[in-house]
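Got your viewer open and a selection box ready? Let's take a walk through this one, stop by stop.

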Amino acid sequence: MSNSPVRAQVEGAGRVSGEQNSAVGEQVSPAPNKATKANKPTKVAKVAKVAKTAKSAQAVKATGEASKKATRGAAKQAKPWKPESHLAMVRRARKINRELAELYPYAHPELDFRNPFELLVATVLSAQTTDLRVNQTTPALFAKYPTPEDLAAADPEELEEIIRPTGFFRAKAKSLIGLSAALRDNFGGEVPGRLEDLVTLPGVGRKTANVVLGNAFGVPGITVDTHFGRLVRRWKWTEQEDPEKIEAEICAIFPKSEWTMLSHRVIFHGRRVCHSRKPACGACPIAPLCPAYGEGETDPEKAKKLLKYELGGYPGQRLAPPPDYPGRPAAPLGTGDE
Ligand code: SF4
């Protein structure tokens, strides 16, 4: 499977702690799309890269370029949003996807993993916590339990202690032991590559299954998490609240080949710019395409301060980010830089 992201990761990388720069090769969908183009950074990627080295004149200039684009967008958006036909919405949605692809050519899943089993476990752990906290927890977990057989045989209390930082650790420990036993007993110790099999595993729902399929098996899928749902409703791609209905409606707008990377781009934008409570509208390059422009801060300078991760000059969520990630890796647990 030459285009397997997992294989790329394994080939490209050592694991997290202590090997941050060896990085996990990446990634994801058959939209290897920007992997090669990523060498030619976009304006915003440049901004992010430069901003991390902070107050150099270059950083100020580059940040200015992105701000101008966002400010132009903001000006265009001063008019009220007009109702549009379904066809116009689809065209606008696809344009947003293209803009996001330019903004985040390095979009990727923000969980550290080296194989489908690790991705499955990390995704189960990511419920109700941040990917960062999971990434800080899994190095010790996978060092002690590298295979489904090992994890199935784990002492529950010892496992709970290791995964405690991710919250809900009793329920999660039960799921991990249960799903590992099911992998061992029903699937020969391998993670299955079919949705209908994955959802039979304890603690694995459709969202987790799609994450694993999209990122470990190259099977296109839309991941509807809280960010994805919020943004696609703001963009009026759908009015649905139910994740399965959202998934179905968004799948109908985009070709299958875009599904996995679209999910990463939308989630990236939700985490960095279009936050739940304070979206950074004044620093958002897709403002001209957004019906919800103005829900958040529109002043460009104030909005810029709301940007997160590499766009704000902060570390990312992965301890071992892909090589093309323009930001800094996250710090291991307990280093005080969390
Ligand atoms: S709500 Fe604001 S931050 Fe979110 S996409 Fe629209 S313009 Fe951008």
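Which residues have the most contacts inside the largest nonpolar core? Select V232, V266, V273, A280 and C284: those are the ones, in a core of 37 residues. Keep in mind as you click around that this is a predicted model.

**Stop 1: the core and its helices**

Now colour the elements that give two or more residues to this core: α5 (86-103), α13 (226-234), α14 (243-253), α15 (259-272) and α17 (309-312). Of these, α15 gives the most, with 6 residues.

Zoom in on A280 and show what surrounds it. Ignoring neighbours within four places in sequence, A280 is in contact with V273, G296, E297, A303, L306 and L307.

There is also a second, separate core, this one of 30 residues. To find it, select F113, L151, V204 and V211, which are among its members.

**Stop 2: the ligand**

Next, select the ligand and bring up its shell. How many residues surround the ligand? There are 14, and the closest are C274, P279, C281, C284 and C290. Colour that shell by class and you get 11 nonpolar, 1 polar and 2 charged residues.

Four of those cysteines also turn up in the UniProt record: its "binding site" annotation, from an unreviewed entry, covers C274, C281, C284 and C290. These four span 17 residues in sequence, yet no two of their C-alpha atoms are more than 10.8 Å apart, so they gather at one spot. C284 is worth a second click, since it is also listed among the residues with the most contacts inside the largest core.

**Stop 3: two cysteines up close**

Pick C274 first. You'll find C274 in the loop between α15 (259-272) and α16 (300-304). Is C274 buried or exposed? C274 is buried, because 25 other C-beta atoms lie within 10 Å. Leaving out neighbours within four places in sequence, its contacts are L231, R234, H269, P279 and C284.

Then jump to C290, which sits in the loop between α15 and α16. C290 has 22 C-beta neighbours inside 10 Å, so C290 counts as buried. With neighbours within four places in sequence set aside, C290 is in contact with R234 and W235. Show R234 while you're here: R234 is in the contact list of C274 and in that of C290.

**Stop 4: backbone oddities**

Time for some torsions. Most residues other than glycine have a negative phi. Against that background, select Q128, a residue other than glycine whose phi is positive, near 60°. Q128 lies in the loop between α6 (116-125) and α7 (131-144). Q128 is exposed, because 10 other C-beta atoms lie within 10 Å.

Now try Y309, which is not a glycine either but has a positive phi of about 50°. Where does Y309 lie? Y309 is in helix α17. Y309 counts as buried, because it has 21 C-beta neighbours inside 10 Å.

**Stop 5: a covered helix**

Finish with α12, residues 206-216. How many of its 11 residues are buried? The count is 10, leaving this helix mostly covered. To light up the buried ones, select K207, T208, A209, N210, V211, V212, L213, G214, N215 and A216. V211 should look familiar, as it is one of the residues in the second core. Then step past the helix: α12 is followed by G218, whose phi is positive, near 70°.

Definitions and conventions. Residues are numbered from 1 along each chain as its sequence is written. This is a predicted model: local features need pLDDT of at least 70, side-chain atom pairs count only at pLDDT 80 or more; totals for chains, interfaces and linings use all residues. A residue is near a molecule or strand if its C-beta atom, placed from the backbone, lies within 6 Å of it. Ala, Val, Leu, Ile, Met, Phe, Trp, Tyr, Cys and Pro count as nonpolar, Asp, Glu, Lys and Arg as charged, and the others, Gly among them, as polar. UniProt positions are given in the numbering used here, feature names are shortened, and annotations may be inferred rather than shown by experiment. Helices (H or I, at least four residues) and strands (E, at least two) are DSSP runs, numbered from the N terminus. A residue is buried if 20 or more other C-beta atoms lie within 10 Å of its own, exposed if 12 or fewer, and partly exposed in between; C-beta atoms are placed from the backbone. Two residues are in contact if their C-beta atoms, placed from the backbone, lie within 7 Å. A nonpolar core is a set of buried Ala, Val, Leu, Ile, Met, Phe, Trp, Tyr and Cys residues joined through C-beta atoms within 7 Å.
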